[in-house]
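Visitor: I should like to understand how the descriptive terms used for this structure are justified. Could we proceed term by term?

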Amino acid sequence: MTTAFDPIELGGKRLANRIAMAPMTRSRAYGPGASATEAMATYYAQRAGAGLIISEGVQPSVVGQGYPDTPGLHSAEQVAAWRQVTDAVHREGGVIFAQLMHTGRIGHPDLLPDGLVPVGPSPVAAAGQVFTHEGMKDFVTPAELTEAEIARTVDDFARAARNAVEAGFDGVELHGANGYLPHQFLSTNANLRTDGWGGSVAGRIRFTVEVARAVTDAIGAHRVGLRISPAVPFNDIVEDGHRDTYRALVAAIEPLGLAYLHVLEGPDRELTLELRKLFGGVLVLNPQTGQTPTGPGELALIEDGTADVLSFGGLFLANPDLPARLASGGPFNEPDRATFYGGDERGYTDYPALAG
C-alpha cells in the first residue's frame, strides 16, 4: 500500500515524501523592489522536509500584484533575491516550485505604481475588499485586457518562469485558482467576452491553456504544474457548468505533459476523481476539509489512490516539521487564526494580516 511517506517522482525530481506545502501568501517581501528577504529564506528552509514546497504567490509582472508586500519574479533584483531562498531550501534537501500568481481584478490601484490599475478579462468589479497599507478598500472595476495585452500577459508568465529557473527554483506552479486572473477567464461572471477568449467553454479555457503552453515552451513541461479550484467561489467567482469547463481544460493541457495538476478541492469530489483519470501526471490534492486545516485524517487519500500528493496549508505554518509530526502521529501545534485574514485555512483564503 502506498502511503504519504513513500517517495515519488515528479518532473524528474525524487520527492522524499508525498506531503506538499501549499502556497500561502505571507506579505513579507520587504526587500528592495518587492524582493525576497533573509527571513523568507529561513521560513522556507525550516519547511524543507516537505516532499514539495510550493511558494507563496509570486507576481509575474508589476500589474499582477494584488496584495501588499508580495514578491515578484519580473526583475533582475528579484531573481537575485530569490536565490537565497532556493539555496537555503536545497541545502536542507528540499524541492521548491515558485507559484506564479497574477491577481487580475483582485487588487487596488493603491498597490500599483505609475497610475496602473488592475486588469481582467472584462470590466467587471469583484464584490468585496482588499487590504492595502491604508486599510481595507473596495475592489475597483478592472481595465479590460485587449488581445495585444493578453498576448503580453502570456509572455509575462513565460518570462517569469525563466526567471524562476534562473533563481534556482525547481519549477513553477501556475495559479489558475482562487479567483485570480486565469480563474477569472474560466469563470462565467468575470469573463463576459464574446471574442476568442470567452463566450464558450473553449474560449474561457483558452487563456489558461495558452499560459501553460508558453511556460512549458519556456522551461519544459517537467518543471510546470497547474493549480485549479473547480466550483470554489472565492473572490466572487461563479462557474456555471463547471464540470464541462474543467473536463475541457484538463483535456486541453494533457498533451502538454505537465508535471502535476494541483486541485484545490471545492464541493465536488466526483469531479476530482474524474479529473484524476483524465490527467496523466501527478495529482496533488488540497482536499475539501471545511473550516479546518488539512490534517492527519486526510492521509488516507494517498492510501486509497484519490491523490498522489497531499498539500497542507495552515498546519504547515504552525508545524514547520509537519512531515515528521504526521509520521509520528503528532503532537500538532494549532494554527493561530489571528495570522489569517478571513476564510478557509487550507491555503487558498489564508491571506494573513501584515503582522502575521
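Guide: Let us begin with a definition: helices are DSSP runs of H or I with at least four residues, numbered from the N terminus. The model under discussion is a predicted one.

Visitor: Which helix gives the largest share of the lining of the second largest cavity?

Guide: The largest share, 3 residues, comes from helix α7, residues 269–278. The full lining consists of P230, V263, E265, G266, D268, L271, T272 and L275.

Visitor: What makes this a cavity and not a pocket?

Guide: A cavity is a set of grid points where a 1.4 Å probe fits but cannot get out, whereas a pocket is an open set. By this rule there are 2 cavities of 30 Å³ or more, and the second largest has a volume of about 40 Å³.

Visitor: How is the lining of the second largest cavity divided by class?

Guide: The division is 4 nonpolar, 2 polar and 2 charged residues. Gly counts as polar under this scheme, and G266 is one of the lining residues.

Visitor: Why are L271, T272 and L275 said to line one face of α7?

Guide: These residues of α7 are buried. Seen down the helix axis, the buried residues fall within an arc of 105 degrees, so they line one face of α7. On the other side, E270 and K277 are exposed, the term requiring over 50% relative accessible area. The cover over the buried residues of α7 includes β11 (224–228), α6 (242–253), β12 (260–264) and β13 (282–286).

Visitor: Why is N178 called buried?

Guide: Buried means under 20% relative accessible area. N178 has a relative accessible area of 2%, and therefore counts as buried. N178 is found in the loop between β10 (171–175) and α4 (181–186), and its phi is near 60 degrees, a positive value in a residue other than glycine.

Visitor: Why does H108 count as buried?

Guide: The relative accessibility of H108 is 11%, so H108 falls under the 20% limit and is buried. H108 lies in the loop between β5 (96–100) and β6 (119–120). Leaving out residues up to four places away in sequence, H108 touches P118, V130, T132, K137, D138 and V140.

Visitor: What makes a group of residues a nonpolar core?

Guide: The residues must be buried, belong to a set of nonpolar types, and be joined through side-chain atoms within 4.5 Å. The largest such core has 78 residues, and those with the most contacts inside it are L73, W82, V172 and L174. Helix α5 (residues 201–219) gives the most to this core, with 8 residues. A second, separate core has 13 residues, among them L10, A20, I54 and V284.

Visitor: Which residues does L174 touch?

Guide: Not counting residues up to four places away in sequence, L174 touches L100, F157, V211, A212, V215, V224, G225, L226 and R227.

Visitor: Which residues lie nearest the centre of the second largest pocket?

Guide: Of the 14 residues lining the second largest pocket, A34, Q65, L111, L112 and P113 lie nearest its centre. The volume of the second largest pocket is about 170 Å³. A34 has a positive phi of about 55 degrees although it is not a glycine.

Visitor: How do you know that the peptide bond from G330 to P331 is cis?

Guide: Its omega is near 0 degrees. P331 is found in the segment after α10 (322–328).

Methods:
Residues numbered from 1 in each chain as written. Predicted model: local features only at pLDDT ≥ 70, side-chain atom pairs only at ≥ 80, totals over all residues. Heavy atoms only, no water. 1 Å grid on protein atoms, 1.4 Å probe; cavity = no way out; pocket = protein on both sides within 12 Å on 5 of 7 lines; lining within 4 Å. Points joined across faces, edges and corners; volume = space filled by probe spheres on them. Helix = DSSP H or I, 4+ residues; strand = E, 2+ residues; numbered from the N terminus. Buried < 20%, exposed > 50% of the residue type's maximum accessible area, 1.4 Å probe, protein only. Arc of directions from axis to C-beta. Contact = heavy atoms within 4.5 Å.
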